[in-house]
Every structure is written in structure tokens, then in C-alpha cells.
Amino acid sequence: MATSGCMQFGLRRFIQQNSLCSLRKQIRCVTGQAARKHYGVDEPEGPVMKTALPGPKSKELLRELDNIQHCSSVQFFVDYSKCLGNYIVDMDGNTILDLFTQISSIPLGYNHPSMIKAMQDPANVYDLVNRPALQVFPPGNWPARMENSLLEIAPPGLNHVHTLMCGACSNEHGFKAVFMRHMRKLRGGAPPTKEDLETCLLNLPPGCPPLTIMGFKNAFHGRTMGAMNASHLPNKPETKLFFPATDWPMGPFPQVRYPYDKYAAENAEEEKRCLHEIRALVEEYNGRGTPCVGIITEPIQAEGGDNYASPDFFQKLQKICKEFDIAFIVDEVQTGLGATGKMWAHEHWDLPEPPDIVSFSKKAITGGFFFKEEYKATDGHRIFNTWMGDPHKIILLEAVVKEIKSENLLAQVNETGNFLLAGLKKLQDTYPDRLANARGLGTFCSIDTHDAQMRDKMIHSLKQRGINIGGCGVSSLRLRPSLTAQPHHCEIFLDALNEIMKEL
């Protein structure tokens, strides 16, 4: 059912009645007129719904698009000229609080002034219009742009980076860097033989060696062929259905219980079991002549259900990689650029040394991967495509990095995330038969529902109230706000979810 007018902030009373007054006093959470001024953007006070979603104009556009391509995944059409801050506006004039942000990929909210200014800067026009092939004819300002954007936020200890277009191709090219490094080391740096060159054209060894990358159950790394080969989503088998695949190892990812500290002993045993099986898989594949040369993991398995493991698990996983001379690859496509309250989620692990490769995209605007020097290509056109990203994405990232630092947005993410997670935990305590396992780092938060049907009903009901969130795993609600989201945005969501729980 569509609603009209601005959402009321009734959760304030709900929180106060449930012993969260002290938390509220610690958190800056304003509403009404003052809330609209938000990091230089005059935001709406709250959602305003004029029609049900999708509205009549979206439905008509959907019919038009369906004549061109399959579009069952389209939810509604957007008027991006009217979107602002943390609010997305559809073609029917509905103003929707967006806590999903284009699948976790909008860093500063919609139409942020600093990003608009960067795109309108006449000095940037020629880089935008001519779209250089960045590894063949880069613009003269390219090294400086890289220094001011990606290298400014590089994970500690990693000062090499390739730009690419998206998360999937970032992982794909990261795998290539791993394979090339392995073969360079195996061959002592010797050049390829005539046999190598001839057999690679036939997809045969030795030119195409049977090397493998280990992914994890419930992992997702993208929809290109190599990335799919390392992805294993039981809840989304269609991502791999009827596509050819090679035999790569699939490791077990810990299935821990929440809250983690409450079940620390049994969670530690579960992680120990998984590490034992991972080691056994490495030995098995190495023993059969299909050596495992890389292990890729997400810091938090996002599409697979926001699954967590402890820093100790990842420290020991890296130790296994070092023991077997395996590349330790961390996929930070969803978790990177501040979403967990640190610039990179793996910074929460206190690793003894940096990962070998860290892939990124989404909130980082551009795709790409950071890497240690030993993974640097020694030949041109090996890590390569026509554009290797796009200059305008780095121009935008420069603006984003400046905002993160000048506005201290990582502190904002932690403040907002603390408020959001506290609210989710209070709701699960109030509705224990329907909500469970509230968890999160920063604003990268989620909560489990009773089953997939209930989860999908909640997401639909929230949309009709003007709040956009996502789902993941079998039955989880996931929150992916922008870095500029504040507690009052979360309060609107929590209030609406509380009302939906009452109705259910």
C-alpha cells in the first residue's frame, strides 16, 4: 500500500522505551528541518510516496525496455536529476530513502556537489571526451591522478595498482597476475618455449597449465568466467548454470553463530575445522598435479549472506598461503572504501603483512586491484584491455577521497553503524521468532529473517513505505548505506521495520 507525506520518526519513542536512552544521548541524531542540511546537500526530510512501486511510468518504461532486452530484474526507473543525498527519486516522483545505494556502490549519496563539480570542470573535458586507452596513450596527468586517488587510500603496504572497469574483471585480472607470478617463479624467469606458445593456442599444457584458485562455499566474485569458477552461491545457482567450468577447489567458509563472542568457543572450533579442510584441499590439488596457486576470500561474504569469520581465521588462512606459496587474494569489491568503518575491511584483521592482492570496485568508483611488487606484470598487454578503467572514474574518486578525509566520514560510518546495529539488535530482541543474528561492521549490517518468503515480503513492504534495502543469502536483510548516511536515516528505516513487524 502506498503512503503519502513524510515518514514519522516514531522509533525515537520505541528506543527510549527499550533502554537505549543512553545510546541516543551519545549519538548526534537530528530530525526535521535541521536534518535536511546534510554534507552540503539539502535532503528531503524523509520518504514521500505518491504511487505504489513500481509506479505507472515505471511500468510503461518497463514494457518499452522489455521489447529490447530481458529486464525482469528492473525494480523501477529513476529520475537521476532529482535524486539527492541518501534519497533516490523514481520516474513517478516517489522519493525513496536508499539504504542499498546501487548495490553498495554510491559512496557519498546521489548528486554530491563535489562530484558534480569535478565532472563540470573544464580542465577535465578532454580526458572525458577522448576516453584514452590508459595503458597505451594515457594523459599526462595520469600518474598524478593515481597518486591523488587510489594511492592516497591504498591498503597499508600495497603501492602498486591497476585500474579496471568492474569488480568481476578486477578479480579476473588479479587471477592472471597470480598465474603469471607463479609461472615466472617456477620457470626461474625463463622466456616461454616454442612448445609453450603453440600449446597455449590449443588450450593445452604446458602453455595452458592446470593451475587452480580456491574459492569458498557461499562466495561470490563476479560473473565473468574465472570469477564464476571461484564463486559458489547455493542461493543463486543461476549465476553459474550451464556455463562451462574447470575443477577448482571450493573451501569451507566458517558457519559461525552470533553474537560471535557469546559462542566464541564453538566458533573457534568451527574455524579450526575449516582451516584443517582448506589445508587438506590444497594438499589434494597439489598432489594431483593441479596446484592451488591462489586463495580468494571476501572479508564478509556479502551475496552469500553477510557471513563473518574472526581476524584469527584470516590470519591463519594467510599463514597457510605463506606455507604453500599461495597468493592471498582479498576481494574488497563490496567491503572496500570505508563501508566497515575502516578504509579496507581487512584492516580489521591485524594481519602480520599485507594481502598479496586486494580487488576493489563499487564505492571506489573504478574497478581494479592493489598488489605486491612480485605480482607486477613483466610484459605489456598481459594485464590489459582497451581502456583499463576510465579517466572519469578516477576524477570522481579524487573528489570522493577528499570528502572522506575533510568530512571525517569513517568516523561518521562508525557512529551511524553503531546506531543501526543497536536498533537491529533491539528489534530482534522484540521479535525473536522473526528476526535473528543482527551483525555488522560500520554500516555494513544485516539481520536474518524467518525464511526467504518473509524476507522478500519485508523488502517489498519497506519499498512501499519509501525505503530501499536489499537481501542476501537465504533469508537475510542487508543494509548498504552511503558513507554520508546518518543515524536519522537509519531511524526512519528501523521505525518502518518495527511497524512491519507489528503487522506481520
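How many bridges pair β15 with strand β16, and in which sense? Three bridges join β15 to β16 (residues 476–479), in the antiparallel sense. Here G471 stands opposite L477 in β16.

This is a predicted model: local features need pLDDT of at least 70, side-chain atom pairs count only at pLDDT 80 or more, and totals for chains, interfaces and linings use all residues. Residues are numbered from 1 along each chain as its sequence is written, and side-chain values use heavy atoms, without hydrogens and water.

Some terms come next. Strands (E, at least two residues) and helices (H or I, at least four) are DSSP runs, numbered from the N terminus. Two strands pair if DSSP finds at least two bridges between them. Strands of a sheet pair through backbone hydrogen bonds, either parallel or antiparallel.

β15 belongs to an open sheet of four strands, in the order β12-β13-β16-β15, with antiparallel pairing. Its edge strands, β12 (435–441) and β15 (470–472), each pair on one side only.

Another open sheet has seven strands, in the order β5-β11-β10-β9-β8-β6-β7, and its pairing is mixed. β5 (160–164) and β7 (250–251) stand at the edges with a single partner strand each, so one side of each has no neighbour in the sheet. Within this sheet, four bridges join β10 (residues 357–360) to β11 (residues 367–371), which run antiparallel. S359 stands opposite F369 in β11.

Helices lie across both sheets. Angles run from 0 to 180 degrees between N-to-C directions; axes are lines fitted to C-alpha atoms, for helices over the stretch in contact. Contact means heavy atoms within 4.5 Å.

| Helix | Strands crossed | Angle |
|---|---|---|
| α13 (residues 311–323) | β6, β8 and β9 (327–331) | about 145° to β9 |
| α15 (residues 409–430) | β12, β13 (444–449) and β16 | about 170° to β12 |
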